[in-house]
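Here are my notes from going through the model, point by point. Have it open while you read.

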Amino acid sequence: MKLTKIFGLLFISLITFAGTVSAQDQTVTINTSHTYNVDPVAGVTYTWATTGGTSTDLVAQTGNSMTLIWDVAGTYDVTVFGTDANGCLTETRTSQVLVVGAASVMFANLPANDAVVSCSPLLGGSLTVSDFDVVFTDGVAPFELTYEITAIDNTKTTKVVTMGTAGDATPLTGQLSISDFENLTTGDQTVSIQLISAKTADNGTVAVDTDLADNTRSVTVHGKPVISGTITLN
């Protein structure tokens, strides 16, 4: 009897979470896929379950690893226990997962964050950099943001930037910048930034606001007036 108890304790100690599941809470974005696993033990089949949050059928996933899609926001437990060839059970392991809502991104809707209109810098003068706040709501940081810059000649350049770090809460604010420029023409010239797409840390799609007022910012520089002729000395 004593030997049986000792064996049981040793066996249970082998069933420990590894990889993406730990004793720590995990935060994920709704409608994203995640894989959970425990260390494999020969001859053991596994029973996985959650307390909700997913429509994925876990019954057929009897290995030491399972994959699901979280499709309902909320806080849920992921549980697993093993059964050996003798029908003996391991202890159940549990990890808690917070499923947050779908992420979205837009430029901050604040007067100080509106498009900029300015006069042209003078020859050799300092350029002014305008910082525009970008706000992410929900989802899991860091976020990968793709944006497009349209130059004064209508040339478009696509860039990618990472905003936030792991564990950052939302709403999360980042910044994109545009510099003004010397406008040598008689009319206005504009440089703009437009938000194109974004992803969460767990590869969830971030909805970009479709309203130009929310996804685009610009710097417009008036044409520089020119004094004609020379100074007449009398």
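1. I began with the largest pocket, which is lined by Thr-27, Leu-98, Val-100, Gly-139, Val-140, Ala-141, Gly-167, Asp-168, Ala-169 and Thr-170. The space in the largest pocket comes to about 170 Å³. By class, five of the lining residues are nonpolar, four are polar and one is charged. The classes work like this: Ala, Val, Leu, Ile, Met, Phe, Trp, Tyr, Cys and Pro count as nonpolar, Asp, Glu, Lys and Arg as charged, and the others, Gly among them, as polar. For the record, a pocket here is an open set of points on a 1 Å grid over the protein atoms alone where a 1.4 Å probe fits, with protein on both sides within 12 Å along at least five of seven lines, and a lining residue has an atom within 4 Å of a point. The volume is the space filled by probe spheres set on the points.

2. Before going further, some ground rules: this is a predicted model, local features need pLDDT of at least 70, side-chain atom pairs count only at pLDDT 80 or more, and totals for chains, interfaces and linings use all residues. Residues are numbered from 1 along each chain as its sequence is written, and side-chain values use heavy atoms, with hydrogens and water left out.

3. Two lining residues sit right beside cis peptide bonds. Ala-141 lines the pocket and is joined to Pro-142 by a cis bond with omega near 0 degrees. Thr-170, also in the lining, has a cis bond to Pro-171, with omega about 5 degrees. Pro-142 belongs to the loop between strand 10 (129–137) and strand 11, while Pro-171 is in the loop between strand 12 (156–163) and strand 13 (172–179). Strands here are DSSP runs of E, at least two residues long, numbered from the N terminus.

4. Just after Pro-142 comes Phe-143, which is in strand 11 (residues 143–150). Why does Phe-143 count as buried? Its relative accessibility is 0%, and buried means under 20% relative accessible area, with exposed over 50% and partly exposed in between (1.4 Å probe, protein chains only). Phe-143 and Met-163 are 20 residues apart in sequence, and their C-alpha atoms are 5.2 Å apart.

5. Strand 13 pairs with strand 10 in the antiparallel sense, over eight bridges; two strands pair if DSSP finds at least two bridges between them. In that pairing, Val-129 is opposite Ser-179 of strand 13. Strand 13 has a covered face made of Leu-172, Gly-174, Leu-176 and Ile-178, and an uncovered one with Thr-173, Gln-175, Ser-177 and Ser-179.

6. Strand 5 (residues 65–70) alternates as well: Met-66, Leu-68 and Trp-70 point to one face and are buried, whereas Ser-65, Thr-67 and Ile-69 point to the other and are not. That is how a regular strand behaves, with side chains alternating between the two faces of the sheet. Strand 3 (residues 32–38) is an antiparallel partner of strand 5 over six bridges, and Thr-35 stands opposite Thr-67.

7. There is an open sheet of four strands in the order 2-7-6-4, with mixed pairing. Its edges are strand 2 (26–29) and strand 4 (45–50), each of which pairs on one side only. On average, neighbouring strands of this sheet are turned by 30 degrees against each other, direction ignored; the axes are lines fitted to C-alpha atoms. Strand 4 pairs with strand 6 (residues 74–83) in the antiparallel sense over six bridges, with Ala-49 opposite Thr-79.

8. Have a look at the loops too. Asn-154, between strand 11 and strand 12, has a positive phi of about 70 degrees although it is not a glycine. Asn-203, between strand 14 (189–199) and strand 15 (205–208), likewise has a positive phi, near 65 degrees. Asn-154 counts as exposed because its relative accessibility is 54%, and Asn-203 is exposed at 56%. By contrast, Val-41, in the loop between strand 3 and strand 4, is buried at 15%.

9. Finally, the cysteines. How many disulfides does a search of the whole structure find? Zero, where a disulfide is a pair of cysteine sulfur atoms within 2.5 Å. Cys-88 is partly exposed, at 42% relative accessible area, and Cys-119 is exposed, at 59%.

Note on methods. Axes fitted to C-alpha atoms, helices over the stretch in contact; angles between N-to-C directions.
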